[in-house]
Amino acid sequence: MPVPFVDMRAELVALAGGDFVRRELTSECAIVLHYWGCPPLEQGVHEAAMATFHHHFVTNGWRSIGYHYHVSWPDGAVAYVGDVFTARANVSGLNHLAIGICVEGDLKGDIPDAVIEGVRCAIGSIHAEVVRRMGDKGQFVYGLPIYGHKEFALPGHGTVCPGPGGMRIVEALRVC
Ligand SMILES: [Zn+2]
């Protein structure tokens, strides 16, 4: 069954009155998995992505939502929330390299297959977007590694994100 997918980029750029700055993508980049670290809303992908947007833009005062993709819990629906050719705010000091996918919730207990499929769908969207916009020069995107945030963080910026459940998602996707 296809994973539900919504492109919220234009809506969020309009709400924020702009966006993060553009960046180039290279083979040095990485796909980085995050989680909320708190219980899921379970109100659908749009509400959950909007909650993250408000937290980043209003509460934190950031330029917009810090991630590129949001995957909702427990249905695995995907929202494309920030253009992959922008350097957003999800890995301190490495935002120029990170393509951030955030999974809603605290990822406690079993991870639904739908959520893993949602993350796989987001990665597929990254691949398609980069190749569509860069042509043959974008082929490197298929070789980009996927890390949990805590694996990719710079020294001094340690984090438990994306938690043991999030790391199980990363491991599941690394082997295929
Ligand atoms: Zn994180």
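## Starting point: contact and the model

Two residues are taken to be in contact if their C-beta atoms, placed from the backbone, lie within 7 Å. With this meaning of contact, what covers the buried residues of helix α2 includes β1, α1 (9-16), β3, β4 and β5. The structure described here is a predicted model, and the report goes through its sheet, its core, two of its helices and some special points of its backbone.

## The sheet

Six strands form an open sheet, and their order across it is β1-β4-β3-β5-β2-β6, with mixed pairing. At the edges stand β1 (5-7) and β6 (146-148), each of which pairs on one side only. From one strand to the next, the twist averages 25°.

Strand β5 (residues 98-103) runs parallel to strand β2 (residues 30-35), and six bridges join the two. Within this pairing, I31 stands opposite I99 of β5, and L33 stands opposite I101 of β5. Strand β5 also runs parallel to β3, to which three bridges join it, and here V103 of β5 is the bridge partner of V71.

## Strand β5 and its two faces

Which way do the residues of β5 point? In a regular strand the side chains alternate between the two faces of the sheet. In β5, A98, G100 and C102 point one way, while I99, I101 and V103 point the other way, and all are buried. Because six of the six residues of β5 are buried, this strand is largely enclosed by the rest of the structure.

## The nonpolar core

The largest nonpolar core has 44 residues, and those with the most contacts inside it are Y69, V81, I101, V103 and V119. Two or more residues come from each of the elements β2, α2 (45-59), β3 (69-71), β4 (78-80), β5 and α3. Helix α3 gives the most to this core, with six residues.

The residue I101 can serve as an example from this core. When its neighbours within four places in sequence are left aside, I101 is in contact with I31, L33, H34, Y67, H68, Y69, V71, V119 and A122.

## Helix α2 and residue V45

Helix α2 has 15 residues and reaches 20 Å from its first C-alpha to its last, which is close to the 21 Å expected at 1.5 Å a residue. Its buried residues are V45, A48, A49, M50, T52, F53 and H56. After the helix comes G61, whose phi is positive, near 75°.

Is V45, a residue of helix α2, buried or exposed? V45 counts as buried because 24 other C-beta atoms lie within 10 Å, and the cut-off for being buried is 20 or more. Not counting residues up to four places away in sequence, V45 touches P4, V6, H70, S72, A77, V78 and A79. One of these, V78, is 33 residues from V45 in sequence, yet the two are 6.7 Å apart in space, C-alpha to C-alpha.

## Helix α5

Helix α5 (residues 163-174) has 12 residues, and its reach of 16 Å from first C-alpha to last is close to the 16 Å expected at 1.5 Å a residue. In this helix G163, G166, M167 and I169 are buried. These residues cover an arc of only 150° around the axis, which means that they lie on the same side of α5.

The buried residues of α5 pack against β2, β5, α3 (113-134) and β6. On the face turned away from the buried side, α5 carries the exposed residues P164 and E171.

## Special points of the backbone

Where do cis peptide bonds occur? One joins W73 and P74, with omega about 0°, and P74 is found in the loop between β3 and β4. Another joins C161 and P162, with omega about 5°, and P162 has its place in the loop between α4 (149-152) and α5.

Two residues that are not glycine have a positive phi: for E42 the value is about 55°, and for L107 it is near 55°. E42 lies in the loop between β2 and α2, whereas L107 lies in the loop between β5 and α3. With 13 C-beta neighbours inside 10 Å, E42 counts as partly exposed, whereas L107, with 24 such neighbours inside 10 Å, counts as buried.

Conventions: Residues are numbered from 1 along each chain as its sequence is written. This is a predicted model: local features need pLDDT of at least 70, side-chain atom pairs count only at pLDDT 80 or more; totals for chains, interfaces and linings use all residues. Two strands pair if DSSP finds at least two bridges between them. Helices (H or I, at least four residues) and strands (E, at least two) are DSSP runs, numbered from the N terminus. Axes are lines fitted to C-alpha atoms, for helices over the stretch in contact, and angles run from 0 to 180 degrees between N-to-C directions. The expected span of a helix is 1.5 Å times one less than its number of residues. A residue is buried if 20 or more other C-beta atoms lie within 10 Å of its own, exposed if 12 or fewer, and partly exposed in between; C-beta atoms are placed from the backbone. The arc is that of the directions from the helix axis to the C-beta atoms. A nonpolar core is a set of buried Ala, Val, Leu, Ile, Met, Phe, Trp, Tyr and Cys residues joined through C-beta atoms within 7 Å.
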